[in-house]
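Me: Before I look at the coordinates, I would like to learn how one reads empty space in a protein model. Could you take me through it with an example?

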Amino acid sequence: MSKLILVPTPIGNLRDITYRAVEILGSVDLILAEDTREAKKLLNHYNIKTPLQSHHMFNEHKSVESVCTKILSGQTIALISDAGTPGISDPGFLLVRTCVEKEIEVETLPGPTALIPALVNSGLPCDRFCFEGFLPPKKGRNKRITALTDETRTMIFYESPYRLVKTLNELALHFGPDREASVSRELSKLFEENIRGTLLFLSEYYLNKPPKGEIVIIVSGRK
Ligand code: SAM
């Protein structure tokens, strides 16, 4: 039966993809990709020749209906994002939701995502955690951090290198400078770095050594 399949792709190291993901990407009728040029790098690496169509936050509202029509007419379609799991701070939610409403089968493969290795590697409790994604850059930012003041679960944030120090300082202001945290940078890549310490220590560390690349911040919950 035709369906939508969400396929996680590597967050850095191209070898971090499952055998099943490669098989599926090679056998579906169409791959929807956030950025077709990025997707081609992965598909060429695995010699996958499946047709590609772009599906990103600027066209997904327009294209979901036609994608659903294609699946209902018998095509099986895979969705990938630039990196990691589609739907996790990436396009995916709208299409999955629309498929569910239309009773189209949706399958999601287990696979790469940045939040889980960063969490497990932090040494902070990972039995209960909450994923906050990117904090809003301006409007609603303070409100969102304030709402987390009493959070007892380990918190996970995605962040850009340009805002890392600002965010660490704001988190220290709300949660206290001694709150335990960890910053994972460039996971699975050549210059992977995992630095653990208090929010104050981490903010000073990155003030002296401005970071580059992709970043996940893990913060301990309130004791
Ligand atoms: N869909 C992706 C996932 O499943 O993790 C997330 C996509 S989001 C647009 C990109 C953000 O994820 C980056 O800004 C960074 O916060 C995090 N990220 C992605 N790859 C990473 C890596 N290799 N190391 C650290 N963080 C990463």
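Me: Where does the largest pocket lie with respect to domain 1 and domain 2?

Reply: Rolling a probe the size of a water molecule over the atoms shows where empty space is left. In this predicted model, the largest pocket lies between domain 1 (4-108) and domain 2 (115-219), because both domains give residues to its lining. The volume of this pocket is about 760 Å³, and among its 34 lining residues, those closest to the centre are I11, D82, A83, G84 and E214.

Me: Which elements give two or more residues to that lining, and how do the lining residues divide by character?

Reply: The elements concerned are α2 (36-45), β7 (154-159) and β10 (215-219), with α2 supplying the largest share, namely four residues. By character, the lining comprises 15 nonpolar, ten polar and nine charged residues.

Me: Which residues are closest to the ligand, and which polar backbone atom is 3.0 Å from a nitrogen atom of the ligand?

Reply: Of the 19 residues that surround the ligand, the closest are I88, D90, T113, Y158 and I215. The polar backbone atom at 3.0 Å from a ligand nitrogen belongs to I11; a polar backbone atom of A114 is 2.9 Å from an oxygen atom of the ligand, while for I215 a backbone N or O atom lies 2.6 Å from a ligand oxygen.

Me: How much of the area that the ligand exposes when taken alone does the protein bury?

Reply: The ligand taken alone exposes 570 Å², and the protein buries 90% of that area.

Technical notes: Residues numbered from 1 in each chain as written. Predicted model: local features only at pLDDT ≥ 70, side-chain atom pairs only at ≥ 80, totals over all residues. Heavy atoms only, no water. 1 Å grid on protein atoms, 1.4 Å probe; cavity = no way out; pocket = protein on both sides within 12 Å on 5 of 7 lines; lining within 4 Å. Points joined across faces, edges and corners; volume = space filled by probe spheres on them. Nonpolar A, V, L, I, M, F, W, Y, C, P; charged D, E, K, R; others polar. Domains from an automatic or database assignment. Near = heavy atom within 4 Å. Polar contact = N/O pair within 3.5 Å; in protein donor to acceptor, adjacent residues only side chain to side chain. Areas by Shrake-Rupley, 256 points an atom, 1.4 Å probe, with all protein chains shown as cover.
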